[in-house]
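The following exercises are intended for a reader new to this structure. Each task is followed by a solution in steps.

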There are 2 protein chains.
Amino acid sequence: MELKEALDTLKDTGVRITPQRHAILEYLISSMSHPTADDIYKALEGKFPNMSVATVYNNLRVFREVGLVKELTYGDASSRFDFVTTHHYHVICESCGKIVDFHYPGLDEVEHLASHVTGFKISHHRMEIYGTCPDCASKEAH
Amino acid sequence: MELKEALDTLKDTGVRITPQRHAILEYLISSMSHPTADDIYKALEGKFPNMSVATVYNNLRVFREVGLVKELTYGDASSRFDFVTTHHYHVICESCGKIVDFHYPGLDEVEHLASHVTGFKISHHRMEIYGTCPDCASKEAH
DNA sequence: ACACTATTTATAAAGATTATAAAGTAAGAA
DNA sequence: TTCTTACTTTATAATCTTTATAAATAGTGT
């Protein structure tokens, strides 16, 4: 179970497990989506009426530092957060914003060439693919 | 000359050529960097002491809509703007923020597979490569 | 249960971007 | 060239996301 593993990761790195952290992780894992900090804040309003937005941001930062969560910055206003499972890319609908996971073997070759050409020591890369999802495509066609 | 072509593009699409627009384009082309809106604003302060930040933002949006400029959104606070010449990717130093252009044949295969797996109609993709530049690498090593 | 320290909360502050309305100006028409 | 009109710019305020601060609260090992 992913939640248990995530909590173990926190324990191992000496991060305290608070009810808020538990709930945020649970939401990230179960929602199967790529929520913004505000999405999470709103989703947990019922359970934690007094939780501060800062708590959401603080904990997302902690999770990111520990490697449990990845922050996705697209063109729009706010970051999205993705619980890290296996390495995958995202396909994003430009019309409705839907994000679909997409597995693809790592682009090691690109990193090697980049390293060779620029002299950088490469650590990682990011890639996203943009287009129109089937739903929006059929709507456009009437 | 790139500036002339850019101005022609504006004329063709019915976008008025104002001194501010001229100067912003000129700066984007000649600076050879990837400035933020504020960088541009500051760089043109001398020539246009009364120019408003809103003008910079408005025109960068116009340029983007016309296809002259690409907006780059990374993790940090503000967007960077890149004058579109040929298709290329960016290699970014995680230590000092330097951005180096990197040419690589388009990843058509990735787009095809993504289209096949998700049913999306793919329009484009973005990719960036992260690492440490030679300067920062040598500093780290003393 | 205690003590220590990290965390949460509430609030304010910072920073980037956008909205608004009045004044100004580019570009084609007369 | 001058006129006219719609588009731009300016100045300012508002909005939105994210971070900083300080006091109150609550995990965790002993």
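A polar contact is a pair of N or O atoms within 3.5 Å; within protein, one must be able to donate a hydrogen and the other to accept it, and residues adjacent in sequence count only if both atoms are side-chain atoms. The model is predicted, so local features need pLDDT of at least 70 and side-chain atom pairs pLDDT 80 or more, while totals for chains, interfaces and linings use all residues. Residues are numbered from 1 along each chain as its sequence is written, chains are lettered from A and ligands numbered from 1 in the order written, and side-chain values use heavy atoms, without hydrogens and water.

**Exercise 1.** Identify the atom of DNA strand C that lies 3.1 Å from a backbone N or O atom of B:Ile17.

*Solution.* Step 1: the partner of the B:Ile17 backbone atom is a phosphate oxygen of DNA strand C. Step 2: helix 2 (19–31) and helix 4 (53–66) of chain A, with helix 4 (53–66) of chain B, each give two or more residues to the surface near the strand (near: a heavy atom within 4 Å; helices: DSSP runs of H or I, at least four residues).

**Exercise 2.** Determine which part of DNA strand C A:Arg16 approaches with a polar side-chain atom.

*Solution.* Step 1: that atom of A:Arg16 lies 3.0 Å from a base oxygen. Step 2: by contrast, a side-chain N or O atom of A:Gln20 is 3.0 Å from a sugar or linking oxygen. Step 3: of the strand's atoms within 4 Å of the protein, 77% belong to sugar or phosphate and the rest to bases.
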